Amino acid sequence: MNQKNIYELIALRKSVRSYKSDPVPDELIRKLLEAARLSPSASNRQEWRFIIVTDTENRRQIADAACRQRFVAEAPVIIICCAKPDGHIMTCGQPSYPIDVAIAIDHITLCAVEEGLGTCWIGAFYEDEVKRILNIPK
């Protein structure tokens with residue numbers, strides 16, 4: 001793929017709500033996760049965790065937990081972004097993990113643009129339901 005500069009990637013990034021059913025190669029998923037791994041985090045804590053969901057039934061259930069947004073289930077891969085917080089509060093008074101996870105997600109979405117993949121950052125979902133579906137611990 002032709003490499004774009006960061007300004008082009010930012011301009012090209014958009015929320016995609018219609019996906020091809022083609023599977024995403026593991027190599028591309030690893031690239032996305034590597035982009036997240038390289039993202040900055042408070043004191044390099046790297047509290048984020050990522051769960052890759054490709055199973056059709058789990059994707060359907062996650063779409064239901066995401067306020068029944070059907071397009072979520074159409075994506076061949078869902079990356080669940082969460083954290084294992086260690087209680088770190090930054091000097092500004094904010095816990096570090098939500099900010100660090102957001103930075104990692106942004107790195108994933110920009111890497112996805114470079115790789116020709118569409119993404120949509122989902123905030124409308126019921127956390128407890130997703131945790132139940134994927135057996136995510138507290």
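This passage walks through the fold, the nonpolar cores and a few individual residues of a predicted model.

A word on conventions comes before the results. The model is predicted, so local features need pLDDT of at least 70 and side-chain atom pairs count only at pLDDT 80 or more, while totals for chains, interfaces and linings use all residues. Residues are numbered from 1 along each chain as its sequence is written, and side-chain values use heavy atoms, with hydrogens and water left out.

The protein chain comes to six helices and two strands, where helices (H or I, at least four residues) and strands (E, at least two) are DSSP runs numbered from the N terminus. Going along the sequence, the pattern reads α-α-β-α-α-β-α-α. For 138 residues, a compact globule would have a radius of gyration near 14 Å, and the 15 Å of the protein chain agrees with that; the radius is taken over C-alpha atoms, and the globule rule is 2.2 Å times the number of residues to the power 0.38. Along the principal axes, the C-alpha atoms fill a box of roughly 45 × 40 × 25 Å.

Contacts (heavy atoms within 4.5 Å) reach well along the sequence: of those with a separation of 6 or more, 73% join residues 24 or more positions apart. Buried residues make up 35% of the 138, with buried meaning under 20% relative accessible area, exposed over 50%, and partly exposed in between (1.4 Å probe, protein chains only). The protein chain exposes about 8,800 Å², and carbon and sulfur atoms supply 52% of that area; the areas come from the Shrake-Rupley method with a 1.4 Å probe, and for residues only the protein chains shown count as cover.

On to the interior. In soluble globular proteins, nonpolar side chains tend to be buried together. Here, the largest nonpolar core has 18 residues, and I62, V72, I80 and L134 touch the most other members. At least two residues of this core come from each of α3 (56-65), α4 (70-74), β2 (78-83) and α6 (127-134). A second, separate core holds ten residues, among them L32, A35, A36 and A112. Such a core is a set of buried Ala, Val, Leu, Ile, Met, Phe, Trp, Tyr and Cys residues joined through side-chain atoms within 4.5 Å.

L134 is in contact with I51, V53, N58, I62 and I80, leaving aside neighbours within four places in sequence. Its partner N58 sits in helix α3 and counts as partly exposed because its relative accessibility is 23%. With residues up to four places away not counted, N58 touches V53 and I133 as well as L134. Between the C-alpha atoms of N58 and I99, 41 residues apart along the chain, the separation is 27 Å.

The loops have some details of their own. V16, in the loop between α1 (6-12) and α2 (26-37), counts as buried because its relative accessibility is 18%. Beyond residues up to four places away in sequence, V16 touches F71, G118, T119 and C120. V16 and A112 are 96 residues apart in sequence, yet 11 Å apart in space, C-alpha to C-alpha.

Most residues other than glycine have a negative phi. In the loop between α2 and β1 (48-53), S43 goes the other way, with a positive phi of about 50°. Q46, also placed in the loop between α2 and β1, has a positive phi of about 50° too. S43 is exposed, at 59% relative accessible area, whereas Q46 is partly exposed, at 26%.
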